[in-house]
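Visitor: Could you take me through one part of this structure up close? I'd like to see how a pair of helices packs, and what lies around them.

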Amino acid sequence: MEPNQDDDDAGVDESSPQEEMITTSTHHFGDGDDAFSVTIIESMKEEYGLFVWPCSIILAEYVWQQRSRFSGANVIELGAGTSLPGIVAAKVGADVTLTDDSNRPEVLDNMRRECELNNVTCKVLGLTWGVWDEPIFTLCPNIILGADVLYETSAFDDLFAAVAYLLQNSPSSVFITAYHNRSGHHLIEFLMIKWGLKCMKLLDGFSFMPADKASGLSGNIQLVEIILDNDKLS
């Protein structure tokens, strides 16, 4: 027997298709007295790109495992999107600024909602790589985070220019990023040399992941810590 189309239509809210595109995911860190969870709002609307990608989960786990290093640090997350690593940093005691493209107000608004949802206080700032306006000149981070920011090769040069400037603002600072090892690897190496940067640590992204978290992820993901190459700058 076919369903009654009239009955189906009567119960449909016109806003429901868009609402169905919004979901939440919960991410757990630790298992002792200091354990906590982070809830992330995700949008299935493709152009928003508000998904929790594997690189974000791996970088957030690294922040948790290195939590003593992040406590009290001034942290900026570039291209934060769903902001999982930045929110974890805030949870472990960092002073966090979440940034994403200033032309994406829906993403910046989502960051503010996530901070409220997870009971953390973070600054939210529109920061477009390659646009040298006032916000970037006020930032002096100890740690810069970026999850899967090495995605579009056309944006790599602007990203590394921004990273180099922020590292120069705080010479002892570090850029920590998790990324899929794609065909742009040689371009990354070239741009690091161009902007006076060097790799301090390179890890397989799965080497430190708990088995239960790693089992749900895939890809050739690396985590790298990048600092200024003072020998090249001198």
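**A close look at two helices**

Guide: Sure, let's start with helix α3 (residues 54–65) and helix α5 (residues 84–91), whose axes come within 8 Å and cross at roughly 15 degrees. Keep in mind that this is a predicted model. An angle under 35 degrees counts as roughly parallel, so α3 and α5 are roughly parallel to each other. The crossing of α3 past α5 is right-handed.

Now zoom in on who touches whom. On the α3 side, the contact is made by Ser56, Ile57, Leu59, Ala60, Val63 and Trp64. Across from them, α5 brings Leu84, Pro85, Val88 and Ala89. Sort the residues of this contact by class and you get nine nonpolar, one polar and no charged.

That fits a wider habit: in soluble globular proteins, nonpolar side chains tend to be buried together.

Next, step back to the largest nonpolar core, which has 46 residues. Leu84 and Val88, which you just met in the helix contact, are among the members that touch the most others, along with Phe70, Val75 and Ile176. Several elements each supply at least two residues of this core, including α3, α5, α6 (105–117) and the strands β2 (36–43) and β7 (174–180). The biggest giver is α3, with eight residues.

Let's pause at Ile176. Leaving out residues up to four places away in sequence, Ile176 touches Leu59, Tyr62, Arg69, Phe70, Ile143, Ile144, Leu145, Gly146, Leu223, Val224 and Glu225. Leu59 should ring a bell, as it is one of the α3 residues that meet α5. Apart from the 46-residue core lies another core, of 25 residues, with Leu159, Phe160, Phe175 and Val224 among them.

Phe160 leads us to another helix pair. Helix α8 (residues 156–169) and helix α9 (residues 185–194) have axes that come within 10 Å and cross at roughly 40 degrees. Here too the crossing is right-handed. In α8, Phe156, Asp157 and Phe160 meet Leu187, Ile188, Leu191, Met192 and Lys194 of α9. By class, that contact has six nonpolar, no polar and two charged residues.

Finally, zoom right out to the whole chain. There are eleven helices and nine strands, and 46% of the 234 residues count as buried. Take the contacts between residues at least 6 apart in sequence: 69% of them join residues at least 24 apart.

Key
Residues numbered from 1 in each chain as written. Predicted model: local features only at pLDDT ≥ 70, side-chain atom pairs only at ≥ 80, totals over all residues. Heavy atoms only, no water. Axes fitted to C-alpha atoms, helices over the stretch in contact; angles between N-to-C directions. Helix = DSSP H or I, 4+ residues; strand = E, 2+ residues; numbered from the N terminus. Parallel < 35°, antiparallel > 145°, perpendicular 65-115°, else oblique. Left-handed = near helix turned anticlockwise from the far one by under 90°. Contact = heavy atoms within 4.5 Å. Nonpolar A, V, L, I, M, F, W, Y, C, P; charged D, E, K, R; others polar. Core = buried A, V, L, I, M, F, W, Y, C linked by side-chain atoms within 4.5 Å. Buried < 20%, exposed > 50% of the residue type's maximum accessible area, 1.4 Å probe, protein only.
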